[in-house]
Every structure is written in C-alpha cells, then in structure tokens.
Amino acid sequence: MILSCQNISKTFGEKTILRDVSFHIEEREKTALIGSNGAGKTTLLRVIMGEIPADSGNTVLAKDCSIGYLAQYQDIQGTRTIYEELLTTKQHILDMEKRLRSLEAQMKSARADELEVLMDSYSRLDHQFEMENGYAYKSEIVGVLKGLGFEEADFDKKIETLSGGQKTRIALARLLVSAPQILLLDEPTNHLDMESIAWLETWLLNYPGAVILVSHDRYFLDKVVTRVMEIEGGELRSYTGNYSDFAQKKARLRDAQYKAWLNQQRDIKHQEAVIARLKSFNREKSIKRAESREKMLDRIQRLDKPAQLQDGMRITLEPRFVSGNDVLRVEHLSKSFSGQTLFSDLSFEMKRGERVALIGNNGTGKTTLLKILNRLIQADAGQFSLGSRVQIGYYDQEHHVLHMEKTVFQEIADAYPTLTETEIRNMLAAFLFTGDDVFKEISALSGGERGRVSLAKLMLSEANFLILDEPTNHLDITSREILEEALNSYTGTVLCVSHDRYFINQTATRILDLVHHSLVDYRGDYDYYLEKKDLMTRLYAAGEEAAPVEKQATENKLSWQQQKEEQARLRKRESDLKRVEARIEELESRDREIEDSLSLPEVCTDVARCTQLSSEKAEVTAELEKLYETWETLAT
C-alpha cells in the first residue's frame, strides 16, 4: 500500500461533498475515480495533494513515495521552449551527465594515486546514470512529446505562445517524463486526439507506478483501469474490474437496492394499514397492539430511495417529418486555411437512418467540414446538396448557436415563440434546469450546462438530420449514456464529430476517417474501424481519396501499378526495420561489453584504455539514440 485515505470529509457551505471517504491504493494499481459533475472527484484529488484541507480524516503516503498531479486546467508560464520545459524534469540526469564529463576530463590528466578514486566514482555514477535511463533521456522526451501529438517542428515553440489545450498537454508530458510513483490525472484525455489517447493508454498500461484517473472517457477507462471508485451522494464505493464491469455491477446493485426499498415501503404501508385498522376497533386490547406495532415501526431503519437513471435528464429526439432516402451528397469538396490544406476532393453520400461518425486527428478539418455543411463558411472548391425534405439540426461544440446575453429561459422562448411558459419550464426541467436556474444568463453557465441548453434547442427543432460537433464534451457519464440512448432510438440521420470512442461505438453505424486530406470509409462501429484500420491503411495511398473496399472497383481500388508500388514500399520498410533492429542489437551488446570492461581492475588502472572505451561508449550511445528514433519512425 502506497496511499491511504481514511474518513475524508469535506463540506462547502451547507453542501457535503465528501462523507467519511476511505480507500487505499496499491503499487502499480490503475484506478478510475468517477461520478457525476460536481460529485467531488477533483475535490478529493486536491485533498490528497494537500491543496485544500479536509474537514476531517487524513491521507497517508508511503515513505519516500513521489506523487504527481495533473489538474484539468494549466497555465504554464515562462520563456522556455516546449523541449526545454521537458528538460527541466531531467535536471538530475543533466547534472549527472555534466559530472561524468568532468570526471572523464579529470581522468585524462590524473596522477596514478588519484586515478583509482576517480575511476571508482566514475563507475558508480555511470551505473546510476544508466539505471535512471540517462543514455536515452532525449529519446524518452521526444517519444512522449510525439505521443501526445506534438511534431518536431513544435519543439522550439515558446510556452507563452501556446493555447490552453497545448499547455495542458505539456503539463501531462512533464508529469509522464518525471514518472512519480503515483499519478493523479484529472481528465488527461482532454485536448488529445484519438491517436494520442491510444498512445497514452499503452503508456499507462506499461507504467510501473500507480494511477488514479478521473475521466469521462469510458473506452479509455475500459482499456486502462482494473478498479473503479465511484463518488455518489458524498460516499465512495469501490468495484473491481474496468468501466464495463462496473456498469454491470452498478446496474445490478442499483436494481437490488431499489427492490429492497420497494419491499420496505410495501411492508411499512401494510403495517400502517394494520395499525389504523386495529385502532378503528376501539378496543383496549386492539389499541395496545396498535401501539406496540407503532413502536416497532419507529425502530425500523428506513432505506433511502436509490437515485434512478430515469430521475435525471431525459432526451427524446424525434423528427417532425421523414426525409427522402438520399440525405446528403458531397462532391469534390476542398478547404485550406493560410496555405494549409485541410482536405481536398472529398466525396461521400449519406442515406436516411445512417449514424455516421466523422473522426480524425486534431486539425484535420472535421469541425470545418461540419461548418461548411451548415453554410457557416464557404468551401474553396466542390459542392454539396441536401436531399428532399431534409431539415438540419446543428449542435456546435463551441455553442455559437447560443446567445451569451440571454437567460436560459429567453434562449428557448425566443427560438420557439409558440411554446407556453409551462412547456418551456417542463422542457428545461428535463435537462436539469429547475427553479431559478432557468433565469441564469448563458454567459454564467459552465460548459456542461451550455451543452444541455444546446441539446434542449436541438430536441425542440424536430430536425431529421442531426449534425453534432463533440456533443459529449462537458457531459458526465450518466448524461452521455442518456444521449446515446436517445440517438439510438432516433429515426432520422446523424453526422457526428466525436473523440469519445465509447460513444462512437454505441451510436455509429458507419465511420469516416479524415486522414491525409481525404476520407476512408468504414461500414461499422469503432471496434470494426480498429480491426480494419491497418488493412485499409495498407490498401490506400496517402493523399488519395479513400472509399470502402465493398464499393465498385473502378471507383475505389488502387490501380494495379499503385498496388505494386505500395507493396514494394511496405516490403522496403520491413527490410529497413529488420536492418535497424539488427544494428540496435549489435550496438546494445557492444555497450554491455564496454560496461563490463570498464569495471575490470586491469582496465580501471589503464588511463589510455579507459579513455578509449569511454569515447567508444559515447559514440555507441549517440548512434543508438539515432537508431531508436529511426526505429520509432519505421515501426509506426
């Protein structure tokens, strides 16, 4: 056990956030901390870090155990570059490296009586340097930065010029490189694209320390964690397994709790009826029996009614009228900004009833494409057309469709003037806006609250073609599940941009991957996309319009010559990869031989031999570092 929290309680004003929360974390354990928005997840992490005091209880960290914390929002300052910022986490390595170079210089001119002491110091320091990955710290930094979506061209950018999302990624990179024994990560997948999230999953799975994750990304949690802790009503309950295991166990537990509450309510009502009946007899004996039953009833420990999923937000999406079978046709669409091509010559069609997820890395143009389809911006080339009786409903991740100066009530009333006040209040109540909440200005709402207002407007639109840009952003897991259920029962057509892979897997019937300025079409859910992605990548050349294998060969397959060229390219890459791996193995073997030689007594006393071996070791290390980077490029 490396972390223990005992009876942690925290209250803000009259609201109890945490009540007697207790748990412990073992070495290497990967744990999810989940709960609805405002449940107290971030508060608990901040209590563990000592940023805010608990009202009662205590946190105990194992002796000499290091802990690192990634908050949701970062504001890193300074004039350092991205690479220099990461180097600050390796200062102890840099100091050791400097000391090694100094010892090497001293050994060249040392007297015989000094040499043994210097060599002993050098050997011990070099061993420590190697054990702490000193010979590969540059590759480690580069690997983490690339894994989190930074290109080498970004490494020299100043921290002060970065966006908030980029700063959060830098903070995450610093934390990963510093590798404390316990990682506390609050929404680490925010600001990451799918490739970076997949990379982070692999990194965390191989991480030798413990991790506590706060995340709404259920696919991510399924891949990484083996335990889920849920905060609900101020109390914490722990479940073994990943998120899917938790969801099943929680559903069974909730069902059992609800049945127990119903049974108790039935028994209470029966006893109350018996008591009333006995009293109605107006006999001394019957009245005494009634009083005895009343005392027994008073001693019953009454169960609280379990919160049901249906007690929260309800969404019913239903089009006003049915569209034609052909919903959308996109032909040869292109768009560039400031000379940078986002996509070119995009062509695809959508039919009624399809639920299509548009995916791709950050900056590939997904949101731009949606804006073009909503006629908010113009394409540089190409055209698109909507089918018969198609009516669009648009959900915009930045909520530009909302008016910041209006109240929640005014936003709905002005958009739908035929609704009565009662109808508007009922609608807003379904989206968890009750009482005076409806008179809050949009500008004062949180991201999640604005998302719920946008969803309310979307539901009222009764559109038959929904275009959704990151609809799950700022929604907690419960709200995401409700939205999934609504979309799955929706009879219209959906085009959705999302990084939420679990959401995509639950709702999409087709996936369009925007990659290399063009689209690759997958007829299935996200799991199908993962299964076929490597095959499709091999079949289709970068930059060419990609389409499903099932379509007509004249439109979608590469020419015979292109296929041969592609196969030749793949064979060459595999050959180069084997060659690089063989050289790495050869050099790593030589590096171990040098290490063994340097520890021999007859070598330690030979200044010339030591200098020669140290020089060769430096050359081997430098070549290995280049080969590691080459291998990483070839292997991806």
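Contact here means heavy atoms within 4.5 Å. With that in mind, two aspartates of this predicted model are described in turn, Asp193 and then Asp469.

Asp193 sits in the loop that links strand E6 (182-186) to helix H7 (194-206). Beyond the residues up to four places away in sequence, Asp193 touches Asn361, Asn362 and His499. A further spatial relation involves Leu148, which lies 45 residues from Asp193 along the chain, with 8.4 Å between the two C-alpha atoms. The relative accessible area of Asp193 is 10%, and because buried means under 20%, Asp193 counts as buried. The side chain of Asp193 also makes polar contacts with the backbone: it reaches the backbone nitrogen of Ser196 at 2.9 Å and the backbone nitrogen of Glu195 at 3.3 Å. Both Glu195 and Ser196 fall within the residue range of helix H7 (194-206).

Turning to the second aspartate, Asp469 belongs to strand E15, which spans residues 465-469. Asp469 is buried, yet no salt bridge is found for it. Which side chain of opposite charge is nearest to Asp469? That side chain is Lys371, at a distance of 6.6 Å; a salt bridge would require a side-chain nitrogen within 4 Å of a carboxyl oxygen, so the pair does not qualify. Asp469 does have a polar partner in Thr367, and their side chains are joined by a polar contact of 2.9 Å. Thr367 appears again among the contacts of Asp469 that remain once neighbours within four places in sequence are set aside, together with Leu370, Tyr395, Asp396, Gln397 and Val497.

Conventions
Residues are numbered from 1 along each chain as its sequence is written. This is a predicted model: local features need pLDDT of at least 70, side-chain atom pairs count only at pLDDT 80 or more; totals for chains, interfaces and linings use all residues. Side-chain values use heavy atoms; hydrogens and water are left out. Helices (H or I, at least four residues) and strands (E, at least two) are DSSP runs, numbered from the N terminus. Buried means under 20% relative accessible area, exposed over 50%, partly exposed in between (1.4 Å probe, protein chains only). Lys and Arg count as positive and Asp and Glu as negative; His and the chain ends are not counted. A polar contact is a pair of N or O atoms within 3.5 Å; within protein, one must be able to donate a hydrogen and the other to accept it, and residues adjacent in sequence count only if both atoms are side-chain atoms.
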